[in-house]
Amino acid sequence: MLRNFLDRIKPQFEKDGKLHFLHSTFEAFESFLYVPDKVTVSGSHVRDALDMKRTMITVVVALLPCFLFGIYNTGYMHFAALGQTCEFWPAFWFGCTKVLPMLIVSYVVGLGIEFVFAQIRGHEVNEGFLVSGFLIPLICPPDVPLWMIAVATAFAVIIGKEVFGGTGMNIWNPALLARAFLFFAYPSQMSGDAVWVADAVSGPTALAAMSSHTGNLPTASELFWGFIPGSVGETSKFCILLGAAILLWSGIGSFRIMFSAVAGGVVMAWIGRLTGSTDATVMQHLLSGGFLFGAVFMATDPVTSAQTNCGKWIFGFLVGLMAVLIRIYNPAYQEGMMLAILLMNTFAPLIDYLVVNRNVNRRRKRLQAVRSQVENA
Amino acid sequence: MKEKDMKRQEKAPAKVQSPKPSGEENRLFSAKNLKLLSRPFGADNPVTVQVLGICSALAVTVKLQPALVMAVSVIVVTGFSNLIISLLRNTIPPRIRIIVQLTVIATLVILVDQVLKAVAYDVSKQLSVFVGLIITNCIVMGRLEAFAMANKPWPAFLDGIGNGAGYGFILIVVAFLRELFGSGTLLGFKVIPESFYQAGYVNNGLFILPPMALIVLGVIIWVHRSFNPNLIEK
């Protein structure tokens, strides 16, 4: 029935049709619902089932555990702070009322802008925002006013993405850019010692407690399973590892970046511990805040991270290192993951450039060695 | 709309004095940035096209009032330095012209600074070092080198005023947006009603920080170029 409907309205979007100016919108919806039947006619092309749409959907699936747990935890924290125990479903339901509007706002605003730009510029609508729009609510505290999310999403999509030419051309991860916008524009809402726990009750996040040397640090198991206040998606490290497993199994997330980011974090946390600059153990550093979430879902963004394999190791390691470095030595920022990833996004092209040039030089040397051998013989 | 206003403002003096036919001027637009710079008439904005004076555009645009004062100061300095150098242009030995130009600019800037201190001490404190730094503002030097050294006093004076005004206009637009969204005020008066704040509106802290001035400038350049496709670099 849907197919028939699409076929019936299709002529209007074709060339010379009445609604031709909306044709990329139409195509986006059509290919979202059905596999397109267009086939290349001439020449040979390498075909792979793993197109952008499939990639993006896999990432969304990998994010689902975090998302579902985030919803539950939002409700759980609410009732726990009020001193009530509660069943699973009421907590889940309460979380839905908080988190789902965030998701809807982020999608509506972001996709709306993407569609408008696609119409004006006459290019296809890209699937890139499916993931960004899903990530944005996950990396915000659940009490951020919805209009702020709308403003931040608009900023991230326009300034972070469309200015550079849309999906695939952006320098910075759009979702992180949205968070950075919120962080600098509305600092009191975003993190620190007064983050939302429940309506009208607020408490410090684990990282704020860590940097101010007060309050009780959550235990490692609380940090791991995620029954702590924080941004929606980042609290449960278990769900993040689940998502990481999906990304690694499907080969979409780069294991190089994930592992080297964790390694960088471990090294820096260990140095901090050794020099007595931080009270937290290495384990607590790894498990608290958005460290793992960033390492698994944000640093591995194929567009904004380094492209070369060697570059990925360097990129990931520096992300982990910088994140913990900022946490320990900069009292103004309790969480360094966002800034670390954005900073390394900026440097990713430079890393790639150096890696590629080193390879070129090595090969040139090898060539010269062979040549001189031949001449000598 | 704003961009169009600005262009009218910029083009008006250009047409009066431009010795060249308008066909020549059109080709000017398609030339690259460097060529524009070397032409006696950029006929366009020093900030958004030549990308000069960015530094002070970031520093003094948090509030509208300092931006206004800064704009007037720069207009005075560019106008009169162009006039003076143009009067002296036949007597300045080419080898030491930069030093002569700098002396003239520095004298004018010190004059402006002293006047500000006498008349508007508070604003002068807010602007602090940036009035003194007008000396290093590339727009002033650029207009002297590119225009005043080769043209008669009256056109040179108008060119100076025009370029100073073009710079000031961008400054005021950026400052307007930054003060409105960053502090919710304009010239120190509350503009955003209290009911907005009670409804949950919060001032945007990012607009107070210098990076936002860069982004706002970038957006202005974007809008400007989409109105005027000739400016887009190939």
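This tour moves through a predicted model, stop by stop, and states what to select and what is found there.

**Stop 1: chain B as a whole**

Begin by selecting chain B, whose secondary structure comes to 12 helices and 2 strands. Followed along the sequence, the elements appear in the pattern α-α-α-α-α-α-α-α-α-α-β-β-α-α. Chain B has 234 residues, and buried residues make up 47% of them. About 11700 Å² of chain B is exposed, and carbon and sulfur atoms supply 69% of that area. Consider next the contacts in chain B with a separation of 6 or more: residues 24 or more positions apart account for 76% of these.

**Stop 2: the salt bridges**

How many salt bridges does a search of the whole structure find over all chains? The search finds 3. Side chains of opposite charge can pair when their charged atoms come close.

Remain in chain B and select B:Glu145 and B:Arg97. These residues form a salt bridge, with their closest N and O atoms 2.8 Å apart. The pair links distant parts of the chain, since B:Glu145 belongs to helix H9 (residues 138-146) and B:Arg97 to helix H6 (residues 97-119), 48 residues apart. B:Glu145 is partly exposed, at a relative accessible area of 31%, and B:Arg97 is also partly exposed, at 28%.

Now select B:Asp113 and B:Lys117. In this salt bridge the closest N and O atoms are 3.8 Å apart. Why are B:Asp113 and B:Lys117 separated by about one helical turn? They are 4 residues apart in helix H6 of chain B, and therefore about one helical turn separates them. B:Asp113 is buried, with a relative accessible area of 19%; the cut-off for this class is under 20%. B:Lys117 is partly exposed, at 39%.

Move to chain A and select A:Lys161 with A:Glu114. Their side chains meet in a salt bridge of 3.0 Å, N to O. A:Lys161 lies in the loop between helix H6 (146-160) and helix H7 (174-185) of chain A, while A:Glu114 lies in helix H4 (residues 88-121), so the pair ties together parts that are 47 residues apart in sequence. Are these two residues buried or exposed? A:Lys161 counts as buried at 2% relative accessibility, and A:Glu114 counts as buried at 4%.

**Stop 3: an enclosed helix**

Select helix H5 of chain A, residues 128-138. Here 11 of the 11 residues are buried, so the helix is largely enclosed by the rest of the structure. Among the buried residues are A:Gly128, A:Phe129, A:Ser132, A:Phe134 and A:Pro137.

**Stop 4: an exposed loop residue**

Select A:Glu87, which is placed in the loop between helix H3 (52-81) and H4 of chain A. At 60% relative accessibility, A:Glu87 counts as exposed. Add A:Tyr76 to the selection: A:Glu87 and A:Tyr76 are 11 residues apart in sequence, and their C-alpha atoms are 8.9 Å apart in space.

**Stop 5: a charged patch**

Finally, select A:Arg358, A:Arg362, A:Arg363 and A:Arg366. Together these residues gather in a patch of positive charge on the surface. One of them, A:Arg362, is found in helix H16 (residues 337-376) of chain A. A:Arg362 is partly exposed, with a relative accessible area of 45%.

Terms used
Residues numbered from 1 in each chain as written. Chains lettered and ligands numbered in written order. Predicted model: local features only at pLDDT ≥ 70, side-chain atom pairs only at ≥ 80, totals over all residues. Heavy atoms only, no water. Patch = residues over 30% accessible without salt bridge, like charges linked within 9 Å, V, L, I, M, F, W, Y side chains within 5 Å. Areas by Shrake-Rupley, 256 points an atom, 1.4 Å probe, with all protein chains shown as cover. Salt bridge = Lys/Arg side-chain N within 4 Å of Asp/Glu carboxyl O. Lys, Arg positive; Asp, Glu negative; His and termini not counted. Charge placed at Lys NZ, Arg CZ, Asp CG, Glu CD. Buried < 20%, exposed > 50% of the residue type's maximum accessible area, 1.4 Å probe, protein only. Contact = heavy atoms within 4.5 Å.
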